[in-house]
Amino acid sequence: MLFAFSVAPTGGGSADGSVHDAVAEAVSIVRSSGLPHQTGPMFTTIEGDWDECMDVIKRATEAVTKRAPRVSLVVKADIRPGHDHGEIEGKVQRLNAAIDQMESGKIGRA
């Protein structure tokens, strides 16, 4: 399973609106979890089973909650039985291969 999530403080933040210190604490929890992960500018994606991913998301959210009176959490999951490992990279590889084929004219555009 893949889970993409974003957790950030709302209200009471710094004067410039930056949330990177609180988000850094959340990402640190993800990195120490041992789960495959990727962090982008707006979401962090983790790969694992339901319980281990939800535990990491919960702990990351709790870390941000310690820094702010209110927290926003967005979670999106890709639940695909039979595809338990390697999807965090596999999905991107398959997408890039499809783009390469389309750009080389091997498959038509919709």
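This report walks through the salt bridges, surface patches and a few long-range distances in a predicted model.

**Salt bridges**

Let's start with the charged pairs. The model has 5 salt bridges by the rule used here, and three of the pairs are set out below.

| Pair | N to O distance |
|---|---|
| Asp55 and Arg59 | 3.0 Å |
| Asp78 and Lys91 | 2.5 Å |
| Glu87 and Arg94 | 2.6 Å |

Take Asp55 and Arg59 to begin with. Both sit in helix H2, 4 residues apart, so about one helical turn separates them. As for cover, Asp55 is partly exposed at 37% relative accessible area, and Arg59 is partly exposed too, at 33%.

The side chains of Asp78 and Lys91 also meet in a salt bridge, at 2.5 Å from N to O. Here the partners come from two elements: Asp78 belongs to strand S4 (residues 70-78) and Lys91 to helix H3 (residues 87-103), so their contact ties together parts that lie 13 residues apart in sequence. Asp78 has a relative accessible area of 26%, which makes it partly exposed. Lys91 comes out at 37%, and is likewise partly exposed.

Then there's Glu87 with Arg94, whose side chains meet at 2.6 Å, N to O. Is Glu87 buried or exposed? It counts as buried, because its relative accessibility is 9% and the cut-off for buried is under 20%. Arg94, on the other hand, is partly exposed at 42%. This pair doesn't stand alone, either: salt bridges with shared partners link Arg80, Glu87 and Arg94 into one network.

**A side chain turned to the backbone**

Helix H2 has another contact to look at, this one at Thr61. The Thr61 side chain reaches the backbone oxygen of Ile57, at a distance of 2.8 Å. With 16% relative accessibility, Thr61 counts as buried, since anything under 20% falls in that class.

**A negative patch**

Now for the surface. Which residues gather in a patch of negative charge? They are Asp49, Asp51, Glu52 and Asp84. Asp49 is in the loop that runs between strand S3 (44-47) and helix H2 (50-65), while Asp51 is found in helix H2 itself. Their cover can be put into numbers as well. Asp49 is partly exposed, with 42% relative accessible area, whereas Asp51 is exposed, at 60%. Asp51 is exposed by this scheme because the class takes in values over 50%.

Asp51 also gives a handy ruler across the model. Its C-alpha atom is 15 Å from that of His85, and the two residues are 34 apart along the chain.

**A nonpolar patch**

There's a nonpolar patch on the surface too, formed by Met42, Phe43 and Val74, which together have about 300 Å² of accessible area. Where does Phe43 sit? Look in the loop between strand S2 (37-39) and S3. Phe43 is partly exposed, at 36% relative accessibility. Val74 comes from strand S4, and is partly exposed with a relative accessible area of 40%.

**Strand S4 and its distances**

Strand S4 has come up already, through Asp78 and Val74. Ala77 has its place in this strand as well, and is partly exposed at 39% relative accessible area.

Two distances that start from the strand are worth setting side by side. Val74 and Phe5 are 69 residues apart along the chain, and their C-alpha atoms are separated by 5.4 Å. Ala77 and Val92 are 15 residues apart in sequence, with 16 Å between their C-alpha atoms.

**Pulling it together**

If you're going through the model by element, helix H2 holds the Asp55 and Arg59 pair, the buried Thr61 and Asp51 from the negative patch. Strand S4 carries Val74 of the nonpolar patch, along with Asp78, whose partner Lys91 lies in helix H3.

Terms used. Residues numbered from 1 in each chain as written. Predicted model: local features only at pLDDT ≥ 70, side-chain atom pairs only at ≥ 80, totals over all residues. Heavy atoms only, no water. Patch = residues over 30% accessible without salt bridge, like charges linked within 9 Å, V, L, I, M, F, W, Y side chains within 5 Å. Areas by Shrake-Rupley, 256 points an atom, 1.4 Å probe, with all protein chains shown as cover. Salt bridge = Lys/Arg side-chain N within 4 Å of Asp/Glu carboxyl O. Lys, Arg positive; Asp, Glu negative; His and termini not counted. Charge placed at Lys NZ, Arg CZ, Asp CG, Glu CD. Buried < 20%, exposed > 50% of the residue type's maximum accessible area, 1.4 Å probe, protein only. Polar contact = N/O pair within 3.5 Å; in protein donor to acceptor, adjacent residues only side chain to side chain.
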